[in-house]
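Here are my notes for you on this model, as numbered points. Have the viewer open while you read, and find each residue as it comes up.

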Amino acid sequence: MTLKAVFRTKNGVYFLSAIALLSAVLVFMSTISMGFPDGHLTEFERAAKPLLLGYSIVALLFGLLFCGLARFFSKIQSRAVFRYSFVIFIFLLIGIGTFYFYLKANLDHGGGG
């Protein structure tokens, strides 16, 4: 299935909606379980927690948007809105991922010996 085919079918849009919603849930669950058992958060976790919570909220909103667009997919404008919102979602995902890996590389994340 090519990306062009995904934009043409309602099932493809529902699939992308499910991916966005699943990523929101997984990131939220991993954010909730951050830290040591005694509640201590490392420098990295304190910096990454708001970023990941923000991503999970935005991914949830995009997933709901994609689901709504798939519901009303027969209209021509919904396809254009979906394409633009999908591109914005991808750029957002790349930007947050880049910043996350920058934080992971430059902050203490509790690894020790």
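1. Start with the largest nonpolar core, which has 22 residues. A nonpolar core here is a set of buried Ala, Val, Leu, Ile, Met, Phe, Trp, Tyr and Cys residues joined through side-chain atoms within 4.5 Å. "Buried" is under 20% relative accessible area, "exposed" is over 50%, and "partly exposed" is in between (1.4 Å probe, protein chains only). The members that touch the most other members are A48, L52, Y55, F66, F82, F89 and Y100. Helices α2 (10-32), α3 (43-71) and α4 (76-106) each put in at least two residues, and α3 gives the largest share, with 10 residues. As background, nonpolar side chains tend to be buried together in soluble globular proteins.

2. Before you go on, a word about what you're looking at: this is a predicted model, where local features need pLDDT of at least 70 and side-chain atom pairs count only at pLDDT 80 or more, while totals for chains, interfaces and linings use all residues. Residues are numbered from 1 along each chain as its sequence is written, and side-chain values use heavy atoms, with hydrogens and water left out.

3. Now the overall layout. The chain has four helices and zero strands, so from the N terminus you read α-α-α-α, where helices (H or I, at least four residues) and strands (E, at least two) are DSSP runs numbered from the N terminus. Of the 113 residues, 31% count as buried. The accessible surface is about 7,400 Å², and 70% of that belongs to carbon and sulfur atoms; these areas come from the Shrake-Rupley method with a 1.4 Å probe, and for residues only the protein chains shown count as cover. Take the contacts with a separation of 6 or more: 73% of them are between residues 24 or more positions apart. Contact means heavy atoms within 4.5 Å.

4. How far does α3 reach from its first C-alpha to its last? For its 29 residues the answer is 43 Å, close to the 42 Å expected at 1.5 Å a residue. The expected span is 1.5 Å times one less than the number of residues. Look along α3 for a kink of about 30° at K49, shortly before the proline P50. That bend is the angle between axes fitted to the seven residues ending there and the seven starting there. In α2, the 23 residues should span 33 Å, and the end C-alpha atoms are indeed 33 Å apart.

5. Next, see how α2 and α3 meet. Buried residues in α2 are G12, V13, L16, S17, A20, S23, A24, V27 and T31. Leaving aside residues up to four places away in sequence, S23 touches Y55 and A59, and its C-alpha is 8.3 Å from that of L60, 37 residues along the chain. I19, also a residue of α2, is partly exposed at 41% relative accessibility. From I19 to A59 it's 40 residues in sequence and 9.2 Å in space, C-alpha to C-alpha.

6. Is S56 buried or exposed? S56 sits in α3 and is buried, because its relative accessible area is 5%. Apart from neighbours within four places in sequence, S56 is in contact with A24, V27 and F28. The C-alpha atoms of S56 and L22 are separated by 9.6 Å, with their positions 34 residues apart along the chain.

7. F44 is another one to click on in α3. F44 is buried, with a relative accessible area of 7%. F44 and L103 are 59 residues apart in sequence, yet 6.5 Å apart in space, C-alpha to C-alpha.

8. Last, the rings. There are seven aromatic pairs in the whole structure. Rings of Phe, Tyr and Trp (its six-membered ring) pair if their centres lie within 6.5 Å; planes under 30 degrees apart count as stacked, over 60 as edge-to-face, and the rest as tilted. F99 and Y102 are a stacked pair, 6.3 Å centre to centre with 25° between the planes. Both lie in α4, three residues apart, about one turn of the helix. F99 is partly exposed, at 40% relative accessible area. Ring pairs also link F62, F66, F86 and F89 into a cluster.
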